[in-house]
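Visitor: I would like to go through this model and ask for the reasoning behind each label.
Guide: Good. Here it is.

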Amino acid sequence: MGRTLAEKVWDDHVVRRAEGEPDLLFIDLHLLHEVTSPQAFDGLRKSGRKVRRLDLTIATEDHNTPTLDIDKPIADPVSRVQLETLRKNAAEFGVRLHPLGDVEQGVVHVVGPQLGLTQPGMTVVCGDSHTSTHGAFGGLAFGIGTSQVEHVLATQTLPMARPKTMAITVNGELPDGVTAKDLILAIIARIGTGGGQGYVLEYRGPAIEKLSMEARMTICNMSIEAGARAGMIAPDQTTFDYLEGRPHAPKGEDWDAAVAYWKTLRTDDDAEFDAEVVIEAAELSPFVTWGTNPGQGAPLSADVPDPASYEDASERLAAEKALEYMGLEAGQPLRSIKVDTVFVGSCTNGRIEDLRAAADLLKGRKVADGVRMLVVPGSARVGLQAVSEGLDVVFKEAGAEWRHAGCSMCLGMNPDQLAPGERSASTSNRNFEGRQGKGGRTHLVSPQVAAATAVLGHLASPADLSDAPAPAGV
Ligand SMILES: CC(C)[C@H](C(=O)O)[C@@H](O)C(=O)O
Ligand code: SF4
């Protein structure tokens, strides 16, 4: 019987297999950041070990980094300690680190792909749940805990139980104005935040094949929000074109050999998945969340759901609680929800294509009075690219704040936070209670919806902008 893409990559990395035990996998790339690495390095230090494969290990600073005044000492004491600890550990163990201010600094899941470190067929791990992002290149990418980080640092291997496989087949083509973010939010709403539990998801089908690498990363990034172990997409010409010429991509003959291998990384026609979900792309429209988990979402054209409409008692209770926290009424049109803040950024939607999409809509328009908009590139490189295209000027002229790279307002580990009761439209991936600051209320949206929302002051799609008052100064 044929094998799925996940099974092929898995089998190529098993260094030890024994009955009744998890497989021991070789790890091709280990990414580190300041939040989940300190105890792992402490563990190494205590046991007198070294980092086994420095050539496969790379660190960057992202969660605790400020996005303003980055040349000044870090004001927040917790963040300062966190970053200084990573710097000390990297220096002591000889790990390559891209710190704040470095041109390759940025959110770890933006940095790996852009350097060409993330490649098809690889096993990639990081002490971070959104490591699933890297599966967009056709590898197995897992978020791991701090004790596993220590294990990988010490041995470059990881014991893992073989996951089940689920195909998410997306037929047709995404309609105009419908993005990868809308698609993944719709998938999570459909299968639920636990729907992917125990599975590696393989996104496939015509609608997926047409997507850019940035869009594929957005989708794989949020696999974890469906509870999945990982998400992946078979590599194809789009993948190879993205990788070719990047600093760590193979060169010359090695490139040709790599591409020949990568082309074998497709699910065989006679392979069987443990589960399959089929989505018709043509039925999708811009999608937003109304609740406090990424599965509590609906088309923007819908109303806030009535908790009473849920048959399942726990879903009903979750919806009731969510509406209370979010300060929303059942039946209220989603488009009527006013926001205070708009955040464009994160490892979900902080890539150049996302910034271009938001800038396209903001050009010649203004952010609504009373709305604060933050645009935060996913990495310093994305920031430079955006500046070279003049996007920063577009954002600033529209009244948005243009910041330095980092996780920023995706989560409240740095100064970019919502105040209690404040409401955001955010291109990030989690809308949990307090995620963007204590008492903050988050609606997950695409960059396009974020930009339209910033202009109109309420949740809106680009199509709504044609009804907007004439842009000032145009
Ligand atoms: C801080 C880190 C461990 C965490 C994660 O694992 O994902 C963060 O990146 C997040 O997005 O919540
Ligand atoms: S941008 Fe957000 S989701 Fe991504 S790693 Fe940072 S905190 Fe986690």
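Visitor: What makes the phi of Gly457, the residue that follows H16, positive or negative?
Guide: Its sign is positive, with a value near 85°. Keep in mind that this is a predicted model.

Visitor: Why is helix H16 called mostly covered?
Guide: Buried means under 20% relative accessible area. In H16, residues 447–456, eight of the ten residues are buried. Therefore each of those eight falls under the 20% cut-off.

Visitor: Which residues of H16 are buried?
Guide: Pro447, Val449 and Val455 are among them, along with Thr453. Ala450, Ala451, Ala452 and Ala454 are buried too.

Visitor: What do the buried residues of H16 pack against?
Guide: Strands E13 (287–289), E15 (341–344), E16 (372–375) and E18 (423–426), plus helices H12 (346–349) and H13 (352–362).

Visitor: Now the ligand. Why is the pair between Arg435 and ligand 1 called a polar contact?
Guide: The cut-off is 3.5 Å between N or O atoms. A polar side-chain atom of Arg435 lies 2.7 Å from an oxygen atom of ligand 1, so the pair qualifies. Arg430 has such an atom at 2.8 Å from a ligand 1 oxygen. For His130 the distance is 3.3 Å, so that pair also passes the 3.5 Å limit.

Visitor: How much of ligand 1 does the protein bury?
Guide: Taken alone, ligand 1 exposes 310 Å², and the protein buries 80% of that.

Visitor: How many residues of each class are in the shell around ligand 1?
Guide: Two nonpolar, five polar and three charged. The surrounding residues include Val35, Met413, Asp128 and His63. Val35 and Met413 count as nonpolar, because Val and Met are in that class.

Conventions:
Residues are numbered from 1 along each chain as its sequence is written. Chains are lettered from A and ligands numbered from 1 in the order in which they are written. This is a predicted model: local features need pLDDT of at least 70, side-chain atom pairs count only at pLDDT 80 or more; totals for chains, interfaces and linings use all residues. Side-chain values use heavy atoms; hydrogens and water are left out. Buried means under 20% relative accessible area, exposed over 50%, partly exposed in between (1.4 Å probe, protein chains only). Helices (H or I, at least four residues) and strands (E, at least two) are DSSP runs, numbered from the N terminus. Contact means heavy atoms within 4.5 Å. A residue is near a molecule or strand if one of its heavy atoms lies within 4 Å of it. A polar contact is a pair of N or O atoms within 3.5 Å; within protein, one must be able to donate a hydrogen and the other to accept it, and residues adjacent in sequence count only if both atoms are side-chain atoms. Accessible areas come from the Shrake-Rupley method with a 1.4 Å probe; for residues, only the protein chains shown count as cover.
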